[in-house]
Amino acid sequence: MNMSNVDKLSSDELARYSRHILLPKVGVEGQQKLKSSKVLIIGMGGLGSPVALYLTAAGFGTIGLADFDKVEKHNLQRQIIHTTEKEGTPKIDSAIERMNALNPHCSIKTHKEGITVDNAIEIFEQYDLIVDGSDNFPTRYLVNDAAFFAKKPLVYGSIFQFEGQVSFFNPHDDGPCYRCLFPVPPAPGTVPNCSEAGVFGALCGTIGSLQSMEALKYVLGIGDLLKGKLLVIDSLDMAFRKLNLKKDSSCPLCGDNPEITEIRAETYAFSCQIEPESKAPESVAEGECPIEISILETNELLNTDESVYLLDVREPFEVDICKIDKSINIPMNTIPERLDALPKDRQILVYCHHGMRSMNVVNFLRSKGIENTTNIQGGINLWAETIDSAMERY
């Protein structure tokens, strides 16, 4: 971050940032550092929203936004940078409008393709600092690894239901990386994503604000960063715990003998979804049911075979939002006590929101000898995207 005459603060900026400048550890020089800095925010969701707003308000000179998604109604419970009228528009476009309205002095760069295996390192090299607001494991591991190879510090944040985590990863400055803490991703099906588990909206503001403070402290060179620390917040008990993290010499990325030496697509080919245990023949007429079928196959089967039993294992409030016609609702946690209600002589197609809970149910039913069960891949969310665009999504 080299300051030049271009970074000199105008009278408007001096007035705008006066409350920062009054701070003895910031001053005019510190505010000029912020104006000279370039920060990349990944994801314009629950975490990226408050981060983008606070870093814009603080006067970061260049702010990059990486996101390929569009604003959906269910985002608005926590993604405060977006508004109802922006539903259906790209999140980056929605964010830029709010950010420009908040502070016209910031230069905003966009990466509408998001962060991918092919572009991650090249994009990261354009910035001084990376702030990760992603909400899935493939992106989180990719961001960590690309930051390492680009030699950029990374502000990490994550949320699961009522708990959040924040840390500052900089393995090139003797700190740990994300893989020192979690060397490999969780097994499919062991950790549900926020669309299945839910997320406490206001907690996003807390974690995003803490990430913003880490970014500010890093650029200003003040305070103690969360390098080598993991801050864990339990919002229900309002408990804050700071755990010590050590750089792991056996880390597969930044350890003494790394296994990961480059960004390769297969390294990030995993998800939270449960993979089918096997692919059985898809001939229902022969009495054999596949363990999973696609949305298009489901639609065709429902239109041609009236004997199919369509089982919805979501919660009742979800059914009130949307449902597929002729489906029977038995919530997942009541399935064990409702086994007798399920037909033994009909193919049972099982669906939930995204296909994770329903796959758990299919595996459970098959373990109980009910082999005529099949999971609908992608759940009702993919059904709404593919088959019924008028269906309410959440």
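In this predicted model, strand 2 (residues 62-66) and strand 3 run parallel and are joined by five bridges. Within this pair, leucine 65 of strand 2 stands opposite threonine 110 in strand 3. Strands of a sheet pair through backbone hydrogen bonds, in either a parallel or an antiparallel way.

Both strands belong to an open sheet of eight strands, whose order is 3-2-1-4-5-6-7-8 and whose pairing is mixed. Strand 3 and strand 8 form the edges, each pairing on one side only. From one strand to the next, the twist averages 15°.

Helix 7 (residues 137-150) packs on this sheet, where it touches strand 1, strand 4 and strand 5. The direction of helix 7 makes about 170° with that of strand 5. The residue ranges of some strands in the sheet are listed here.

| Strand | Residues | Role |
|---|---|---|
| Strand 3 | 107-111 | edge strand |
| Strand 8 | 239-244 | edge strand |
| Strand 1 | 38-42 | touched by helix 7 |
| Strand 4 | 129-132 | touched by helix 7 |
| Strand 5 | 154-160 | touched by helix 7 |

A further packing involves two helices. Helix 3 (residues 27-36) and helix 10 (residues 201-220) have axes 9 Å apart and pack at an angle of about 110°. Angles of 65 to 115 degrees count as roughly perpendicular, and helix 3 and helix 10 are therefore roughly perpendicular to each other. Their crossing is right-handed. Helix 3 contributes Gly30, Lys33 and Leu34 to the contact, while helix 10 contributes Leu216, Val219 and Leu220. Of the residues in this contact, four are nonpolar, one is polar and one is charged.

Notes
Residues are numbered from 1 along each chain as its sequence is written. This is a predicted model: local features need pLDDT of at least 70, side-chain atom pairs count only at pLDDT 80 or more; totals for chains, interfaces and linings use all residues. Side-chain values use heavy atoms; hydrogens and water are left out. Axes are lines fitted to C-alpha atoms, for helices over the stretch in contact, and angles run from 0 to 180 degrees between N-to-C directions. Helices (H or I, at least four residues) and strands (E, at least two) are DSSP runs, numbered from the N terminus. Angles under 35 degrees count as roughly parallel, over 145 as roughly antiparallel, 65 to 115 as roughly perpendicular and the rest as oblique. A crossing is left-handed if the near helix is turned anticlockwise from the far one by less than a right angle, and right-handed if clockwise. Contact means heavy atoms within 4.5 Å. Ala, Val, Leu, Ile, Met, Phe, Trp, Tyr, Cys and Pro count as nonpolar, Asp, Glu, Lys and Arg as charged, and the others, Gly among them, as polar. Two strands pair if DSSP finds at least two bridges between them.
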